[in-house]
Structure formats: C-alpha cells, structure tokens
Amino acid sequence: MKTPFLTGLVLAALAFQPAARAASLLDGYADAARAADAGFAGFSAGRGRALFAATPGTGKPDTPSCTTCHTADPRAAGRTRAGKAIAPMALSVSPDRYADPAKVEKWFRRNCNSVLGRACTAREKGDFIRFMATQ
Amino acid sequence: MHPNAFRLAAALLVAGAAPAAADDRYSPVSDPVTAKECGACHMAFQPQMLPGRSWTALMGGLDRHFGEDASLDDATRDHITAYLTDHAADAGWWSGKFMRGVDDSRTPLRITDTPYWIREHMEEVPARAWTDPRVGSKANCLACHPRANRGDYDDD
C-alpha cells in the first residue's frame, strides 16, 4: 500500500521539475505540428540550430537574427538592445527555461515577428526547444 | 530657543545647503506587473519621466516598440497603461520636471528626447560614454546610475 503512494509522490514532484515541464510543452507542440502536417516525423535539433543562427531578412531591420540578442552561443548570456543581460538559452545552463507555456508563447510571438516578420510554426518552436535542450 | 525648534532649524539649513542632494529622486515602479513586463528588456523606467499621452501612445504601439515586437495580451497591456498614466509626469496637480519644455503639441516617445533629459545629460556626459560597450544604449540608465531602479539618479 505504501509503495504506490510514494511512487505517486515522486512522480508528482517530477512533474513539477522544469525539465519535465519543458518536455510536456514539447508534447503540445508535437501535437500541433502533426495536426498541421500529417508527415511530421519529430523535432530536429539541427533545424532548431539553423533557425537560431539564420538571418532571414524578412523581419525588422534592428533584429536580423535570434543571435542579435541571444548571441551565437546558446550557453552564453545575451543582451537586449537596451543593454540588459539575458540569461543563456541553453537548458543545461538555464534549467528554468521553457517551463511556463504562457511565457514561452509570449516570447515566440514577439521574437519570431521581430526576426522573421511572421509567427513561428509549432514545428519551428519545437525544433528550437529541442536544440536548446541539447546545448 | 526650544531645543526641538533648534534641531528643526538646523535640519532645514542642512537641507537648504545641499539642494541637489535629493533632487533626482523618483518613486520606484511599485506595480509588480509593470516592473516585470517592462523590466524584461530594459530597466522599468519611472512613469514620472513622460507625460500620460506619451505612455498611451507607447502602449498602443507595442508591436512596433522601437524596432521590436514587445506586444502583450490586452489585459496586461491595459493594466500597465493605467499604472503608467496614473503616475505620469503630468498626472499630479503639479507637473513634474520632465514636463519642462514639453508643450501640449508634443508627445515624446523616448525619455531621452525630452528637453529635461537632454539638458541633464548633454553638458555633463562626454560623447565617448555613449559609445562605451558597457553602456550600449541611452536606455541603459543602470550603466551609470546604479540605483536608477530605485528611482535614485543622485550619483552624478
């Protein structure tokens, strides 16, 4: 009787770990990506890296790339255009990231519009987080 | 003289002798939503630094915020707009310093475009300070005013 109760407690504690929350966010993006494209075959850290480093030229002139603010090194601290430090994006260095869906969605909305001039797709969002999880 | 009255007079004299000491102080941002959201990209500037109409204009164009999309959901935006306009430079019965030289026809969108800010910085600050990589931007108050977050600019 005791063991399932304890297991339940441990599982509940795990569910509140940032990394576990990042994983459940990814599950949501995977569902959305599959709904948009039946051929969706999972997220790719490589595509995420390409999105992060790209200079698409379709966004606002002051923000040509994600790396404008986050720097080219995901493990390094970034800087806003107003000079404020941004904690690194790599999950290994900033384990609290990608845990709050409303926060993540707010920044994808803003930053994809600033850099790409459009919203990111669910697949792009998942690729980006998958890439940051490998860093 | 009554000793208490003497002490008060002495205090007034001291205050009078150092008029600049407590001059550049502003109430810090007291609303946690404003502090968090504005403070995500830059120091949350004190609302007393722009007229209410400037805050309304800024908050109405967050998707084009000085070259960036800084949009918020409507409820958060309205909450912050109310806080900023309630505490703006012209919100009280007596206009704040940042209204100096701002006539009714002007709606400055940058604090650094107000005549008061310009006067306070242009004479004292050498041009090389603005190009110093540790400063990076005129919006980076904290680079030179380490207590600016608390509304204290009395360090120059």
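# Why is it called that? Reading a two-chain model

Student: Why is T114(B) called buried?

Tutor: T114(B) has a relative accessibility of 0%. Buried means under 20%, so T114(B) counts as buried. Keep in mind that this is a predicted model.

Student: Where is T114(B) in chain B?

Tutor: T114(B) sits in the loop between α4 and α5 (115–122) of chain B. Leaving out residues up to four places away in sequence, T114(B) touches M49(B), L50(B), F98(B) and P108(B).

Student: What makes the pair of T114(B) and I111(B) a polar contact?

Tutor: A polar atom of the T114(B) side chain lies 2.7 Å from the backbone oxygen of I111(B). The cut-off for such a pair of N or O atoms is within 3.5 Å, and 2.7 Å meets that limit, so the distance fits.

Student: Let's try another residue. How do you know whether Q46(B) is buried or exposed?

Tutor: The relative accessible area of Q46(B) is 0%. Set against the limit of under 20%, that makes Q46(B) buried. Q46(B) is found in the loop between α2 (32–38) and α3 (52–59) of chain B.

Student: Which residues does Q46(B) touch, not counting residues up to four places away in sequence?

Tutor: Among them are Y26(B), P28(B), W55(B), A148(B), N149(B) and Y153(B). With A148(B) there is also a polar pair: its backbone oxygen is 2.9 Å from a polar atom of the Q46(B) side chain. That value lies within 3.5 Å, so the distance suits a polar contact.

Student: What separates the C-alpha atoms of N149(B) and Q46(B), along the chain and in ångströms?

Tutor: N149(B) and Q46(B) are 103 residues apart along the chain, and their C-alpha atoms are separated by 8.3 Å. N149(B) belongs to the segment after α6 (127–131) of chain B. Beyond residues up to four places away, N149(B) touches P28(B), M43(B), Q46(B) and L142(B).

Student: Why is N149(B) called partly exposed?

Tutor: N149(B) has 44% relative accessibility. Buried needs under 20% and exposed needs over 50%; 44% falls in between, so N149(B) counts as partly exposed.

Student: What makes A82(B) partly exposed?

Tutor: The reasoning runs along similar lines. A82(B) has 37% relative accessibility, a value between 20% and 50%, so A82(B) counts as partly exposed. A82(B) lies in helix α4 (residues 74–86) of chain B. From A82(B) to P115(B), 33 residues along in sequence, the C-alpha distance is 25 Å.

Student: How many helices and strands does chain B have?

Tutor: Chain B has six helices and zero strands, and its pattern along the sequence is α-α-α-α-α-α. Of its 156 residues, 39% count as buried.

Student: And how many helices and strands does chain A have?

Tutor: Chain A has six helices and two strands, in the order α-α-α-α-β-β-α-α. In chain A, 36% of the 135 residues count as buried.

Student: What is notable about the phi of Y98(A)?

Tutor: The phi of Y98(A) is positive, about 60°, although Y98(A) is not a glycine. Most residues other than glycine have a negative phi. Y98(A) is in the loop between β2 (85–86) and α5 (101–116) of chain A. At 7% relative accessibility, under the 20% limit, Y98(A) counts as buried.

Student: Why is T71(A) called partly exposed?

Tutor: Its relative accessibility is 26%, which lies between 20% and 50%, so T71(A) counts as partly exposed. T71(A) is in the loop between α4 (67–70) and β1 (78–79) of chain A. T71(A) is not a glycine, and its phi is a positive value near 65°.

Student: How do the axes of helix α2 (residues 18–36) and helix α6 (residues 122–134) of chain A cross?

Tutor: The two axes come within 8 Å and cross at roughly 150°. The crossing of α2(A) and α6(A) is left-handed. Residues that meet here include L25(A), L26(A) and Y29(A) from α2(A), and G126(A), I129(A) and R130(A) from α6(A). By class, this contact has seven nonpolar, one polar and three charged residues.

Terms used:
Residues numbered from 1 in each chain as written. Chains lettered and ligands numbered in written order. Predicted model: local features only at pLDDT ≥ 70, side-chain atom pairs only at ≥ 80, totals over all residues. Heavy atoms only, no water. Helix = DSSP H or I, 4+ residues; strand = E, 2+ residues; numbered from the N terminus. Buried < 20%, exposed > 50% of the residue type's maximum accessible area, 1.4 Å probe, protein only. Axes fitted to C-alpha atoms, helices over the stretch in contact; angles between N-to-C directions. Left-handed = near helix turned anticlockwise from the far one by under 90°. Contact = heavy atoms within 4.5 Å. Nonpolar A, V, L, I, M, F, W, Y, C, P; charged D, E, K, R; others polar. Polar contact = N/O pair within 3.5 Å; in protein donor to acceptor, adjacent residues only side chain to side chain.
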